[in-house]
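Visitor: I would like to go through this model with a guide. Please take me through its chains, helices and contacts by reasoning from the coordinates.

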Amino acid sequence: MYVYILRRLLATIPIMALVAVFVFMLLHLSPGDPAVIIAGDFASEDQVHKIREALGLNDPLYIQFGRWMINLLQGDMGESIYSGMPVTKLIGQRVEPTLMLTLCTMVIAISLAIPLGVIAAWKVGTWIDRVVMTLAVFGFSVPVFVIGYLLILGGSRTLGWFPVQGYTSIFESVPGFLSHITLPALTLGAVYMALIARMTRATMLEVLNEDYVRTAYAKGLATRTVLVKHALKNAMVPISTTIGLGVALLIGGVVVRKRVRHSRPRPTDGRRGAAHRLSGHSGRDPGIFLHLCAAESRDRPDLCPLRSANPVLNPVLADTQR
Amino acid sequence: MSLQVQELSFGARLRHRIGVVADSLRRNPTMLFGVIVLALMAGSAFLAPWLGLPEPMHQSPRDRLQEPTSEALFGTDMYGRDLFSRVLHGGQVSLVVGLSVAALATSMGLFIGLISGFIRSVDAVIMRLMDALMSIPSILLAIALVALWGSSVQNVILALTIPEVPRVVRLVRSVVLMLRDQLYVQAAIACGTSTPRILIRHILPNTIPPLIVQATYICAQAVIFEAYLSFVGAGTPPEIPSWGNIMAEGRMFFFQTPGIILYPGAFLALTVFAINTFGDGLRDALDPRMQRRV
């Protein structure tokens, strides 16, 4: 068992290395010279050159890559070119909100989706089943940000129950935390819920055809016991795989989700934002980009690097900054 | 000695498949609903220029952010452009992106998957590459690629295709791995049939049904992802109205006129829903084995 786990872990090393190369190449191929951007519009050729030299951007690519990898393996993610703050610290500030949002999303999604899936499988073919499955398909047909806007419109504007944005640490105030986290968690949870509900129904249907389920019914067990203790327990393996895989999906969804939270207070936020920002300076700040972290937006709102990519790992970040 | 094998012609097999699909359409009302909605969406999007609607790019600043009226069904946006016209025209981009991504990703994935599944020597290398590609969240990879290449419809299509390819490769490869041990493939190898011929004649046809089903899901996802990309500003160029662009531009005005996000959002959701139900129906009809793969 342990050997197996160890082997699987070791097998990820070459993949991680490949990913690192991919990302590194992507950064260096993208247009835009960080030195020019740091130097500003009025810098002379000489100044730009000096900055480039100082950042080590004149070295051959493989040396830059090697240096970056060695630092990374030592836990040194470098400093943000712009703010001079260590990237690890920037990431650290975001860990709590990120974890909390992910956790809440998973709790909400799992606790709703599995019962729905079980009920749909139990009542297969009836209207209950149809409704649940239609809702599930709809769940991953609606873009995350549209769900977000709908919930803001309903929950914040019309009902006035939840704040539009912001984040309160759970250690400061539990009700405050709950009121801030509910809408984002529901929004993110929709797709996740849909996937889990479908998977639950599919595997439950299979399991319910097994002989031992018939035996359980025959010996007079209550439907509830059969469904939960006998069927669901055995159906859990594929379901938990889906739950695990869904985390990746969750992370992907967070990107766009953030924009909803960003959008209102930043009227100057240009439409071409991400592409420009990425290719402009942020993408060229390897320390930042690779760790998908950005407190930059706080220091230099005019630059706001990686506004679009950083939320991938930092769902609530924009709100903690304000 | 030569073996005479009775083979169904391509046309006959195609007719059989179409018959199966038509049959399931008759029996599955949800799938029929999906097809009808999809046809309506495609029809209204591609016929939009001839429907006598106001130009989607025509600005009239005086009528900005109007509520829906009988003239402007969905109201107007912040430049006074007719929202209904823009939403209909916007469907073109979404559908073109969805279909192209589905076609490109499945054909590239099919090619790589066939090779990887059948030629063992390259399998490990290809699959590790695919694993690496898969471990980057697809939306992030797409954003980075568009940032790298610049925003245009072609680049968006390519950027959305690349993250999908590994998933198709895995699907095709798993079918190939299953088939290569089948007796008829072993027999073909024993007869000395060349590898390309085995792949094309004996293996490829069996990968098609699951692939078509997969293509519908990729198409649905690409439509959503195009909107995501445009929404974060890394999508199609803003001159072209697409559902994502309309919503991205309108998000500052959401609280004045929610319709600016809700109408394109509803069209998008309905289209993707239709594609997904169509895909589910196809899966049940073409590939009963795949039912458990959600």
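The questions and answers below go from the chains to helices and then to single residues.

Visitor: What is the secondary structure of chain A, and how many helices does it have?
Guide: The model is a predicted one. Read from the N terminus, the elements of chain A run α-α-α-α-α-α-α-α-α-α-α-α-α-α. Strands number zero in chain A, and the helices number 14.

Visitor: How many helices does chain B have?
Guide: Along its sequence, chain B follows the pattern α-α-α-α-α-α-α-α-α-α. The strand count of chain B is zero, and its helix count is ten.

Visitor: What percentage of the residues of chain B count as buried?
Guide: A residue is buried if 20 or more other C-beta atoms lie within 10 Å of its own. On that criterion, 41% of the 322 residues of chain A are buried. For chain B, with 294 residues, the value is 46%.

Visitor: Of the contacts in chain A between residues at least 6 apart in sequence, what percentage join residues at least 24 apart?
Guide: In chain B, residues 24 or more positions apart account for 69% of the contacts with a separation of 6 or more. For chain A, among contacts between residues at least 6 apart, the share joining residues at least 24 apart is 72%.

Visitor: Which residues have the most contacts inside the largest nonpolar core?
Guide: The largest nonpolar core has 122 residues. Beyond its neighbours within four places in sequence, I196(A) is in contact with residues including A109(A), I110(A), A113(A), I239(A) and I243(A). A142(B), for its part, is one of the buried residues of helix 5 of chain B. The residues with the most contacts inside the core are I196(A) and A142(B).

Visitor: Is helix 5 of chain B largely enclosed or largely open, and how many of its residues are buried?
Guide: Helix 5 of chain B covers residues 138-149 and reaches 16 Å from its first C-alpha to its last, close to the 16 Å expected at 1.5 Å a residue. Its buried residues include S138(B), I139(B), L141(B) and A147(B). Helix 5 of chain B is largely enclosed by the rest of the structure, because the number of buried residues among its twelve is nine.

Visitor: Which residue just after helix 5 of chain B takes a positive phi?
Guide: The helix ends at residue 149. Just after helix 5 of chain B, a positive phi of about 95° is taken by G150(B).

Visitor: What is the distance between the end C-alpha atoms of helix 3 of chain B?
Guide: Helix 3 of chain B is mostly covered, with 26 of its 36 residues buried. At 1.5 Å a residue, these 36 residues should span 52 Å, and the end-to-end C-alpha distance agrees, at 51 Å.

Visitor: How are helix 3 and helix 4 of chain B oriented to each other?
Guide: The axes of helix 3 (residues 83-118) and helix 4 (residues 120-134) of chain B come within 6 Å and cross at roughly 135°. I112(B), I115(B) and S116(B) in helix 3 meet V122(B), D123(B), I126(B) and M127(B) in helix 4. By class, this contact has five nonpolar, one polar and one charged residues. The crossing angle decides the description, and the two helices are therefore oblique.

Visitor: Is V223(B) buried or exposed?
Guide: V223(B) lies in helix 8 (residues 195-232) of chain B. Leaving aside neighbours within four places in sequence, V223(B) is in contact with S94(B), V97(B), G98(B), L268(B), T271(B) and V272(B). Because V223(B) has 29 C-beta neighbours inside 10 Å, V223(B) counts as buried.

Visitor: How far apart in space are V223(B) and V96(B), C-alpha to C-alpha?
Guide: V96(B) lies in helix 3 of chain B, and counts as partly exposed, with 19 C-beta neighbours inside 10 Å. V223(B) and V96(B) are 127 residues apart in sequence, but their C-alpha to C-alpha distance is 8.9 Å.

Visitor: What is the C-alpha to C-alpha distance between V153(B) and R26(B)?
Guide: V153(B) is in helix 6 (residues 153-179) of chain B, and its contacts beyond four places in sequence are with V93(B), V97(B) and T236(B). V153(B) and R26(B) are 127 residues apart in sequence, and their distance in space is 36 Å.

Visitor: Is T241(A) buried or exposed?
Guide: T241(A) has its place in helix 10 (residues 223-263) of chain A. A residue with 12 or fewer other C-beta atoms within 10 Å is exposed. T241(A) has 12, and therefore counts as exposed.

Technical notes. Residues numbered from 1 in each chain as written. Chains lettered and ligands numbered in written order. Predicted model: local features only at pLDDT ≥ 70, side-chain atom pairs only at ≥ 80, totals over all residues. Helix = DSSP H or I, 4+ residues; strand = E, 2+ residues; numbered from the N terminus. Expected span 1.5 Å × (residues − 1). Axes fitted to C-alpha atoms, helices over the stretch in contact; angles between N-to-C directions. Parallel < 35°, antiparallel > 145°, perpendicular 65-115°, else oblique. Contact = placed C-beta atoms within 7 Å. Nonpolar A, V, L, I, M, F, W, Y, C, P; charged D, E, K, R; others polar. Core = buried A, V, L, I, M, F, W, Y, C linked by C-beta atoms within 7 Å.
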